[in-house]
Each structure stands twice: as C-alpha cells, then as structure tokens.
Amino acid sequence: MRKSRNTHRMAKVWMMLFILMFMTVMGRFLYIETTGEVQGVDLNEYAAEKRTSSYQLDANRGRILDQNGMVLAYDRPTYRLYAIVDPAYSENMEEPMHVSDPGKTAEMLAPFLDMPEEKIEATLEEGIEDERFQVEFGAAGRDLSQQTMEKIKKQDIPGINFKEESKRYYPNGKFASHILGFARNKDGKMTGVTGIEKQMQEYLHGEPGRISYQRDKYGTELLNPNEVIKQPDDGENVVLTLDQKIQTFLEDAMTQVNKQYKPEKIMAAVMDPDTGEILALSNRPSYNPNDIEDVDNWYNDVISYPIEPGSTMKIFTWAAAMEAGVYNGKEKFMSGSYEYLEGERPIRDHNREGWGKITYDQGLRVSSNVAAAKLVKEKLGPETFLKYLKDFGFGQKTGIDLPGEKKGKILYNYLSEKLTTSYGQGTTATPIQLMTAATAIANKGKMMRPYVLSSIVDSESGEVIKKKEPEQIGKPVSAETAKKVRDLLGTVITGEEATGGIYELDDYSLAGKTGTSQIPDPETGGYMTGKGNYIYSFMGMAPKEDPELLIYVAVKQPELAPTEYGAEPSAYIVKTVLENSLHYLDIQPDQEKDVDVNSTELEDVTGEDPKQAKEKLSKQHQRITVIGDGEEVVRMFPKPGSKTLPTQRIYLVTDQPKMPDITGWSVRDVFNLADLFNLKVEQMGNGYVTKQSIKPGAKLKEDSYLVVEFQPPGQQEKNKESGAEGSEGAEEGAEPSEGTGQGGEDASGA
C-alpha cells in the first residue's frame, strides 16, 4: 500500500511538472505569435532583412573639361568578373548556372584574362572545395573593358558573371596630368588624390544611391520583390581655363625637347596676362594618370619647385628702378666687375672682361649682373628693392587654385645676398610666382592671381553653379613703367648685342628675358659647373605692345652637343608654342620678317584638274594633300600667293571633298584641316595621328565631329613589334626644330 501511494504521489508530481512545462512552452509560442518578438528582436523585420538584398548605386563623378568643352576626365564603365561555384545555384535548372567544369572554364577564360590557365583553374577548384558561393580573380578579373566583357559573354561559359563598375579615365594620357591629377577608388568611393581631382573633390564626387529588393535563398529576385530605389546624385562638371589646342602645342614641343635633349626637368606654362587664366601648363617628367605605376615625378613643378630664377629676375629689378624714378637708361657704368664692399668677393658679369662702359639699357640687353647690383645698391637702395620684391609677390604663395603650391624664399640677410637677389641668385621663386609677377609688366601694372578653375556646371541641367572671375592682387608698377619695361625687353630679343635673339618670333613682336640659373651642388656647398649644368629659362610676352600671351619655360640640365647653346631647348618650346598659339587665337601678326630664302610664292591652281594641279605644285612642295575626288580644285590652303616652305603641307580642296587618310599627320596639320571645314576635333594623346573617327574616303561635311588618336614618334613601331593594332609611323621630315641664332648667357646667375 505504501509503495502504491508513493508511486501515485510521484506520478502526480511528474504530471504537474509536465503540465507546467507544456504551459510554459505554449505560453511562449502564444507570446511570440502575438508580439512577433524574440529577445527584443522583431521577427518580421529579421525575416525581411534576411531575404532582402541591398546594394549601392554608384554616382558618376563629374567630368573635367577644358574651356572649349573638350572632355579631359570622365568615368568610364569597367567590369569585374566573378564565377559562381555553388552547385545549389543550379537546382531545378535545365542548364548549369554554376561552374561545373573548372578545367574547361579556365581554358575558355585564359585568352581574355592576364592570368595563367592553371591559376584560373586552381582558383575555381579552391572555391568549390571551400564550399564558397562565388570566387573572383583579383586584378586580372577587374577593370575589364566593355569589349572584353562582351567577348567573354559570347563564349557562354556557365557560372561566369560580371558586375559593372566605374573607373576614372583620362582620354589624353599625359596631357595636362599635373593639373588634372588623378582619382582612385578608396573604400568604395572615388576620391581625388592630386591636382584638380583633389582640389575639387567636394563638387566632383556626387552622392551614391541605393537599391533594395527581396530575394530567395539563391539571391534571385522574387516576383513581388518590394523594390526600393534611391537614385544617385551625379557629381558636378568642372570647367578649366586650359585651352586644349594651346596645351597640345605645349605638350608636343616639350615632348620633342625631352626626347632630343633628355633634361632632368622641364617646367612650362602659358597664361593670359590680362586675366591670370592658365591656358596651358606641363612638366617633364610627367605621368599617365591612367597608369600610375613607376611615376618619376608626382609634383607639379611649375607651382611646387622653387628655383633660383637667374636673370629673369632682372625684369623686376629694372622695373623697380624705373617705378622709383631712379633709372636713367642712357647713363653709363663700367661692366665686367663690381667691388661693392672692400674685402668682399666682387660681383662679376658672365663675360668676365665685360663690355667696357655701357648704358644701363645695354646692361639689360647683355644681361649684366654688375648693372643689376649697381641699380640696387647705388640707385634704389636694398630696402626699397625689398619692398618692390614683396609688391611683386616674391616670398608669398600666389594662391593659385591647385594643391601643393610652395613659395620661394627671399634670401636677404647680408649685403651680398641683397645684391645677388637683383640678378636672381640665392633668392628662390617658383615658376608660377615669376609668371604672376610678370603679369604686372604685361598688363599695365596690374598683377593678376593665376587660376585654372573657370566654372562649376550642373552635370544634368548644364546650369553654371559657380564661376571664377579674374582677380587683381596688386599693382607694383604703373602702366607707364610697364610699357617702358616691355619696350626695353623687346630690345633684349632684337637688339644687336642682345642675349635673346634665339627666341625671336617670325610673325609677332616679343618682349622677354633669358635666364641661366646656377644649380646648388650639395656635395661641395657651391654651384655645379660644366656644360649643361644650369637651368636655362625664358620669360616672354607677345605681342609686345599689348601682350595676349605670357610664357615661361625652364629646362634643367639638358644634354647638349659641343656646338649647341644652352638656350636652344627652351627657345624651341617658346617659338613653337607662341607662334602656333597666337595664330590659333587669330591674333594679327605685328611684324614682317625677311622671307626665308627657301620659301616660294604659292601658285594659284584653283579651277584646275586636281591631278594636274598636284603635279604642278610637286615641283616645289613635298607634301600636297588632295581632299576629295572631284574634277576641280575649288579651294587652297594656304591661300594662293602666300609664302610657303617646301616642307609645308598644301591642301587642295576639290568640289567633292572627302576625308583624307591623316595617318602620320602632325597636330598642326590636323587642326589646319579642321579649320578648313570647321571640324570639331577631340584629340586623344600627343604626337602623330594613328587613328581617326571619320574613315578615309567618307564624305567630308562642315561642322562634323572628328576624334583623332595621336601617339609619340616611334611608339607606333613599338606597337607593331608587340602585335598591337596601329597605323604607320609619322611621316618623314615632320616638324624639325628651327631654333637658330646667337647663344644665351653663361653662368653666374646670368
């Protein structure tokens, strides 16, 4: 009986425990069903989150354009390849949707990826073994072009998919790269690293959007996906002051000099002195922002490389003396050597024997250091000269709207330093500081702040959001003084004893000053010696009476032949850029030059049969292009009666004009053709033509759009050797340097 009672008692206890547990579980179920929460987590939200895919919609970065609307930087779509290796992705499918045969897949992908077939197969097999859903192929599978993507898609390889991405693209390669800079993807965001890309990041970057939708366990969108889309807000377009044609003239000339003389550095810029707009700027070494591996020089040397300016500083020494009213250009002094202080090393001219007694006007023409030092010590006074240096902006940043600007230093502690500063030794300045100071000489005494940003434009509406206006930052001299300085600088180019004759232009008057700066030698503490161990520079403005362009060029340590002058490399750049640019801007020539002995008057062949006309002109001209296959010549360029050289291209336009094959043409020849038919030209690269968008033989219509791809001389041959597509090399005899004339100064800051 006792055992039975214990059994019943325990049975009741277990029954009560079971009922309690059952009630607890049921209560929990009822609670969850009623509230939809577990430990504070909303199960509906959790389920929606689990079956919802969400990803970012990238915004297009704003484009960068030149002042004429030519695109210099934009986002180009690229593609990232990935392979789905999870067999579950192909469940209930008639055809496999995943990589089922790694070996065959690798064999089909290898021709399109920069990756060995064995490595592709190993990557796929590793993903399968690790039971991953998908695998990627590193750098080899990223940044694929649309053309490559489409070729792979045509192979119809199971499991191979693509994701579209954006990559910043610079269609002209090295063109203005130190101004444009570059942008790259950082943590999923395109970010400017250098140049305008960095400076204008706030406006260029845009705001990404987002998309979300519900999916099944394989990631496939449901029939009713509850899709939510927030559209991206693209970045704004940035318009620069650069002029693509003038920049091209500068790039081509610098490339030629870099190839021929192999200098350590070249720094050059072209400015509108009336506004401060930078029309062209470039450096060597340069780099291609599309390929930032093995870059020799990241720095924009024009704004970030202080140098001893040499005799270009004499422009401002003479200007200060004139403005202060202490200058008499006809007064004479003894040249050669100047003992300014007993016991100190005398200041010497680059011509150690001097020129005897000469006037101060002559002193500038021959670039006398003694004249500069005497003006500061005996006429102006060192403290007054220092005031003018500061008025011209030396020792201060210009405030140009580019990152990385440095400022030079006025070395002015001892009397010797104060006097050597007068001819550009000891004190340092960046090229942009020198150009900014020179705007006062070119622009009636008004000194203008340099700038490269013209406007910010809404990328969708085209509305101008922000526009930069010219800014005067000082007036160190009067308009009268500025004119006197320009007139005197004109004699530096044309005077009988002048140092700048090698820079003289054919069609335009030029005012300017040469410079030959010594380079500090860190090993000796002094200056480098030997042929070519200088910075050969030139500051010039043309036309002299009312300058439209201001140019500065500096070439550091060119490799010179025994018979070559140090100024020849910089002179080639100055003459080529100014002549071409002023003609392009349609500036009326203001001086007549003696006709070249090799030139001839172009015979009028309009109205004649094109073949007969070409045969007739071929007796005196090497390059004649007949445009079209009409029966009559209706136009000529240059115009009949013009003085032309044997190597100059002559255009004969027929009554049925058709696009010629322009392979091998120079930039100048292409733009001459464009001017004939009002073609809108988009240039890609520099050098000579390799590809053209209008096919040879196509009907040539005015106002058409022509895209031309250029490559440097010799690059075409390299492409042929490597099997790349391309056209024939540049024609023989294209654009030889014509730099001749008397030499520049020697050392000692001349």
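**Two open sheets and their packed helices**

Strand E24 (residues 534-542) is joined to E23 by eight bridges, and the two strands run antiparallel. Helices (H or I, at least four residues) and strands (E, at least two) are DSSP runs numbered from the N terminus, and two strands pair if DSSP finds at least two bridges between them. The model is predicted: local features need pLDDT of at least 70, side-chain atom pairs count only at pLDDT 80 or more, and totals for chains, interfaces and linings use all residues. Residues are numbered from 1 along each chain as its sequence is written, and side-chain values use heavy atoms, with hydrogens and water left out.

Within the pairing of E23 and E24, Lys513 stands opposite Met539 of E24. Both strands belong to an open sheet of five strands, ordered E14-E13-E25-E24-E23, in which the pairing is antiparallel. Strand E14 (278-284) and strand E23 (511-518) occupy the edges; each has a single partner strand, so one side of each lacks a neighbour in the sheet. On average, neighbouring strands of this sheet are turned by 5° against each other, direction ignored. Axes are lines fitted to C-alpha atoms, for helices over the stretch in contact, and angles between N-to-C directions run from 0 to 180 degrees. Helix H18 (residues 568-584) lies across strand E13 (265-271), E24 and strand E25 (549-556), and runs at about 155° to E25. Contact here denotes heavy atoms within 4.5 Å.

A further open sheet comprises three strands in the order E27-E30-E28, with mixed pairing. Its edges are strand E27 (623-627) and strand E28 (633-637), each with a single partner strand, so that one side of each is left without a neighbour in the sheet. The average turn between neighbouring strands of this sheet is 20°, direction ignored. Four bridges connect E28 with strand E30 (residues 649-654), and these two strands run antiparallel. Arg635 has Val653 of E30 as its bridge partner. Helix H19 (residues 610-617) lies across E27, E28 and E30, running at about 165° to E30. Helix H20 also packs on the sheet and touches E27, E28 and E30, its direction making about 30° with that of E30.

Thr625 is located in strand E27. With a relative accessibility of 8%, Thr625 counts as buried (buried means under 20% relative accessible area, exposed over 50%, partly exposed in between, with a 1.4 Å probe and protein chains only). Residues up to four places away in sequence not being counted, Thr625 touches Arg649, Ile650, Tyr651, Leu652, Pro660 and Trp665.

Helix H20 (residues 667-677) also packs against helix H9 (residues 244-261), at an angle of about 160° and with the axes 11 Å apart. The two helices are therefore roughly antiparallel to each other (angles under 35 degrees count as roughly parallel, over 145 as roughly antiparallel, 65 to 115 as roughly perpendicular and the rest as oblique). The contact involves Gln244, Lys245, Thr248 and Asp252 of H9, together with Val667, Phe671 and Asp675 of H20. By class, this contact of H9 with H20 has two nonpolar, two polar and three charged residues. Nine of the eleven residues of H20 are buried, so H20 is largely enclosed by the rest of the structure. Among these buried residues are Val667 and Phe671. H20 is followed by Asn678, which has a positive phi near 55°.

Note on methods. Ala, Val, Leu, Ile, Met, Phe, Trp, Tyr, Cys and Pro count as nonpolar, Asp, Glu, Lys and Arg as charged, and the others, Gly among them, as polar.
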